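Visitor: I am new to this structure and would like a guided look. Could you show it to me first?

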Amino acid sequence: MTPDESAETRHRGRSSRADFTIDQDWSAYNAEEHAIWRTLFRRQETLLRGRACDEFLAGVAALGVAADAIPDFRMLNSVLERRTRWSIVAVPGLVPDAIFFEHLANRRFPSTCFIRRRDQLDYLQEPDVFHDLFGHVPMLTNPVFADYMQAYGEGGLKALRLGALERLARLYWYTVEFGLIETTAGMRIYGSGIVSSKGESVYCLEDPRPNRLGFDLLRIMRTRYRIDDFQETYFVIRGFEELFEATRPDFTPYYRALQRLRDLQPSQIEAGDRVLHRGSPG
Ligand code: PHE
Ligand code: FE
């Protein structure tokens with residue numbers, strides 16, 4: 001076994017624990033893996049100035065996440081625990097829904113620890129440590145967003161019981177992963193799927209093709225999404241308080257009401273939408 005293979009196996013290895021966690025084993029990363037992180041970090045750092053929201057950029061700074069190396073979860077946890085009582089746990093990849101929600105409900109963010117290969121810099125189908133850490137963890141330093149993520153975990157466990165997971169997953173997709181926010185300085189990014197993507201961090205704000213619509217909880221839970229291309233519609237919140245307050249009520253009656261409404265296509269605009277930008281076919 002070459003040193004590369006051993007690092008790869010360690011960071012993607014299966015877990016023998018019931019909660020699917022593994023150890024990050026930070027010392028097992030090799031120079032090439034740290035160099036891939038550096039490349040990814042540097043280009044997003046430049047692109048996100050003036051594009052990511054202040055809360056995200058402040059989170060990156062507070063965590064001490066930097067270009068030099070893949071962060072050590074233990075260092076991040078000492079900051080996170082103090083700020084919002086969250087922690088990061090290492091997992092080998094996607095985990096079952098119930099396990100994922102259980103972690104979030106207990107303020108633990110499951111993060112992968114392997115890093116993509118150099119030929120996958122621009123696009124990777126599954127989450128890796130760059131997406132999970134750089135994309136998700138900075139927002140967890142924000143107290144309101146941190147509470148939203150815990151509430152989402154609790155809501156996920158409930159949605160599983162009610163058979164409403166597909167609805168709730170759309171909310172995660174259009175907020176946590178691909179959310180935009182209106183600020184006094186202009187529209188900004190907070191979604192982790194965007195901040196960790198070179199192409200989409202420019203496209204979501206500057207390209208005329210996608211729709212940009214005001215956040216609307218029930219509308220989002222009716223809207224399908226694409227996992228294989230840039231989004232055709234982004235939903236824009238006015239602030240994290242709006243997001244937290246809109247999602248505070250019990251969703252049980254919402255799920256019932258949604259059963260009588262048809263799904264909407266990712267590109268569709270509906271009567272009643274707050275249209276900030278109508279996408280033009282390009
Ligand atoms: N209030 C939601 C429910 O009862 C839980 C939730 C909170 C879901 C935040 C998503 C986001 O299901
Ligand atoms: Fe993600």
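Guide: What follows is a short conversation about the ligand, one helix and several loops.

Visitor: Before we start, what kind of model is this, and how are things labelled?

Guide: This is a predicted model, in which local features need pLDDT of at least 70 and side-chain atom pairs count only at pLDDT 80 or more, while totals for chains, interfaces and linings use all residues. Residues are numbered from 1 along each chain as its sequence is written, chains are lettered from A and ligands numbered from 1 in the order in which they are written, and side-chain values use heavy atoms, with hydrogens and water left out.

Visitor: Which residues surround ligand 1?

Guide: Ligand 1 is surrounded by Tyr 148, Ala 151, Tyr 152, Gly 155, Lys 158, Leu 168, Leu 171, Thr 247, Arg 248, Pro 249, Asp 250 and Phe 251. A residue counts as near the ligand if one of its heavy atoms lies within 4 Å of it.

Visitor: How does that shell divide by class?

Guide: The shell has seven nonpolar, two polar and three charged residues. In this scheme Ala, Val, Leu, Ile, Met, Phe, Trp, Tyr, Cys and Pro count as nonpolar, Asp, Glu, Lys and Arg as charged, and the others, Gly among them, as polar.

Visitor: And which polar atoms lie by the ligand's nitrogen and oxygen atoms?

Guide: An N or O atom in the side chain of Lys 158 is 2.6 Å from an oxygen atom of ligand 1. A nitrogen atom of the ligand lies 2.7 Å from a backbone N or O atom of Thr 247, and a polar backbone atom of Arg 248 is 3.4 Å from a nitrogen atom of ligand 1. A polar contact is a pair of N or O atoms within 3.5 Å; within protein, one must be able to donate a hydrogen and the other to accept it, and residues adjacent in sequence count only if both atoms are side-chain atoms.

Visitor: How much of the ligand does the protein cover?

Guide: On its own, ligand 1 has 320 Å² of accessible area, and the protein covers 93% of this. Accessible areas come from the Shrake-Rupley method with a 1.4 Å probe; for residues, only the protein chains shown count as cover.

Visitor: Which elements give two or more residues to the shell?

Guide: They are helix H7 (143–162) and helix H8 (165–177). The largest share, five residues, comes from H7. Helices (H or I, at least four residues) and strands (E, at least two) are DSSP runs, numbered from the N terminus.

Visitor: Asp 250 was in that list. Where is it, and what does its side chain contact?

Guide: Asp 250 lies in the loop between helix H12 (240–246) and H13. Its side chain makes a polar contact of 2.7 Å with the side chain of Lys 158, and another of 2.7 Å with the side chain of Thr 252. Asp 250 and Gly 155 are 95 residues apart in sequence, and their C-alpha atoms are 8.6 Å apart in space.

Visitor: Is Asp 250 buried or exposed?

Guide: Asp 250 counts as partly exposed, at 41% relative accessibility. Buried means under 20% relative accessible area, exposed over 50%, and partly exposed in between (1.4 Å probe, protein chains only).

Visitor: Changing topic, why is helix H6 described as largely enclosed?

Guide: Eight of the eight residues of H6 (residues 129–136) are buried, so the helix is largely enclosed by the rest of the structure. Among them are Val 129, Phe 130, His 131 and Asp 132.

Visitor: What caps its N-terminal end?

Guide: Asp 128 caps that end of H6, with a side-chain oxygen 3.2 Å from the backbone nitrogen of Phe 130.

Visitor: What about the loop between H1 and H2?

Guide: Phe 20 lies in this loop, between helix H1 (3–12) and helix H2 (31–48), and has a positive phi of about 65 degrees although it is not a glycine. Asp 25 is also found in the loop between H1 and H2; its phi is positive too, about 55 degrees, although Asp 25 is not a glycine. Phe 20 is partly exposed at 31% relative accessibility, and Asp 25 is partly exposed at 31%.

Visitor: And Thr 21, buried or exposed?

Guide: Thr 21 counts as buried, at 7% relative accessibility. A polar contact of 2.8 Å joins its side chain to that of Asp 19.

Visitor: One last residue: where is Gln 231?

Guide: Gln 231 lies in the loop between helix H11 (217–221) and strand S6 (233–237). Gln 231 is buried at 1% relative accessibility, and its side chain reaches the backbone oxygen of Arg 226 at 3.0 Å.
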